[in-house]
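Q: Could you walk me through this model, one feature at a time? I would like to know how to read each one.

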2 protein chains.
Amino acid sequence: MSGVAAARGRIDKRQAILDAAFTVFAREGYAQAGVDVVAAEAGVAKATVYSHFHDKENLLRQAIAASADQALTENLAAVEQLTDRGDNLRVTLESVGLHLLQCYCHDRSWALRRLLSAEINQFPDLLDIVHTRTADRVTDALADRLARLAVAGHLHTPDPLLAADQFVALLSGPIDKRARLGTRRVPTAELRDVTRAAVDTFLQAFGPR
Amino acid sequence: MSGVAAARGRIDKRQAILDAAFTVFAREGYAQAGVDVVAAEAGVAKATVYSHFHDKENLLRQAIAASADQALTENLAAVEQLTDRGDNLRVTLESVGLHLLQCYCHDRSWALRRLLSAEINQFPDLLDIVHTRTADRVTDALADRLARLAVAGHLHTPDPLLAADQFVALLSGPIDKRARLGTRRVPTAELRDVTRAAVDTFLQAFGPR
DNA sequence: GTTCTACCAGACTCATGAGTCTAGTTTGTC
DNA sequence: GACAAACTAGACTCATGAGTCTGGTAGAAC
């Protein structure tokens, strides 16, 4: 049925435009970026961009939302590894921590955070678009897992949400400086070191007994 | 000597322009902000801005540098309270932590970080301008104090720089979400809660057994 | 075949803003 | 008073980019 093929073509263009828009906005900044540049990057005519997204502002929102959805999927996959399979807790935490840090350090993650910071004054609603799709739900999911571990007696924490916040903070905080806002690529060895240190501190504070 | 008075007048204008530039750039973004708006905000003619700073790009650099210097002074003042006066360590850490968090949460601090994120792609050198004036030196100073406390036997840490990084991470990490990138004013009570939690965790990990 | 829809290239309008210039005003020095 | 340096308001040039429009192509539906 050609309706499907046509729709598929349409959807492909749409996705190509969203990807290109995110790339260009992230690279040049929203105000600086030209819609014609986005169109060129997507391999599409400028009018096509407008026919799909009506105006530049809407394009920004959609591009950011799509990018945030993508980031969420990756983050949740990392958190879901954290189960009580009776393994060594430290090893499991380090594995989850490393995966989270790798998500955090993806170029697109950095770009998303930078873009959000940049445009938060002009478009305050972007913050909700992003946070309800990423940060909040990742921390919640992590807190959930930590709570189960606490119930099982492997952790000792009265407030799993706080523990989750602090775990994420211990991971990402020391990375911020090293990554230079995402302009420097942090080698895996460094990620591993930071993760190990974070888990050490975390377990000192929230480990059993 | 009137040379001083003239120079003073000049310096006052200069400072007014720098302040205004930072405010406007932070509010509207570098690309969006008009130099005439900066001039108006500073109560000065546009030509005066150009006579002092030559072009918009240079104005941005100078404004950011000045703002970073200001932030550094405040942060160092907070860290310097951390001395071994034989007081209760927990109380001292909480006081220092709270002061650091208050610096971190100042409108201008948030604005500086947002602006830096926003323009890092266009002006990579801004990162050095800011970091050599703030983050790096604050962490170093903090590590220095922690090292002294370790020598005196009040703390137990093989790597004071790591401890300092993690202390700052435990303070600022959980705040990021609550402050919504600086668009929400975090009440002091919340700052106090986060500080207390951070110091708890920190002391579990690095306190004397 | 015809028609419809998505798409294309490129020209066009119009607003905005960087940076310059001019001509006149204030302020302090001698 | 004379002079110079800093400042002022406002007009001006010129490039850039959002959004529109025009005329035309490819392909699927019928």
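Q: Let's start with a single residue: is A:Pro124 buried or exposed?

A: The idea is to count neighbours: a residue is buried if 20 or more other C-beta atoms lie within 10 Å of its own, exposed if 12 or fewer, and partly exposed in between, with C-beta atoms placed from the backbone. A:Pro124 has 12 C-beta neighbours inside 10 Å, so it counts as exposed. Its place is in the loop between H6 and helix H7 (125–131) of chain A. The C-alpha atoms of A:Pro124 and A:Ala65 are separated by 14 Å, although the two residues are 59 apart along the chain.

Q: Before we go on, what should I know about the model and its numbering?

A: This is a predicted model, in which local features need pLDDT of at least 70 and side-chain atom pairs count only at pLDDT 80 or more, while totals for chains, interfaces and linings use all residues. Residues are numbered from 1 along each chain as its sequence is written, and chains are lettered from A and ligands numbered from 1 in the order in which they are written.

Q: How many helices and strands does chain A have?

A: Helices (H or I, at least four residues) and strands (E, at least two) are DSSP runs, numbered from the N terminus. Chain A comes to ten helices and zero strands. Its C-alpha atoms fill a box of roughly 65 × 45 × 30 Å along the principal axes, and 40% of its 209 residues count as buried.

Q: Which domains does chain A have, and how do they meet?

A: Domain bounds come from an automatic or database domain assignment. Here that gives domain 1 (1–54) and domain 2 (56–206), with C-alpha centres 29 Å apart. For their meeting we need contacts: two residues are in contact if their C-beta atoms, placed from the backbone, lie within 7 Å. Eleven residues of domain 1 of chain A are in contact with 13 residues of domain 2 of chain A. On the domain 1 side, H1(A) gives the most, with five residues. That side divides into nine nonpolar, two polar and no charged residues; Ala, Val, Leu, Ile, Met, Phe, Trp, Tyr, Cys and Pro count as nonpolar, Asp, Glu, Lys and Arg as charged, and the others, Gly among them, as polar.

Q: What about the two chains: how many residues are in contact there?

A: 30 residues of chain A are in contact with 31 residues of chain B. H9(A) supplies the largest share of the chain A side, ten residues. By class, that side has 14 nonpolar, eleven polar and five charged residues.

Q: How are the copies related?

A: Two copies of a chain are related by a rotation about an axis and a shift along it. Copies are superposed by least squares on the C-alpha atoms of residues with pLDDT of at least 70 in both. Here a rotation of 180° with 0.0 Å of shift along its axis superposes chain A on chain B (RMSD 0.1 Å). The two copies are thus related as by a two-fold rotation axis. In chain A, the C-alpha nearest that axis belongs to A:Ala118, 2.1 Å away. Because 100% of the interface residues of chain A are also interface residues in chain B, the copies meet through the same surface.

Q: Which residues have the most contacts inside the largest nonpolar core?

A: In soluble globular proteins, nonpolar side chains tend to be buried together. A nonpolar core is a set of buried Ala, Val, Leu, Ile, Met, Phe, Trp, Tyr and Cys residues joined through C-beta atoms within 7 Å. The largest one has 125 residues, and those with the most contacts inside it are A:Ala21, A:Phe25, A:Val38, B:Ala21, B:Phe25 and B:Val38.
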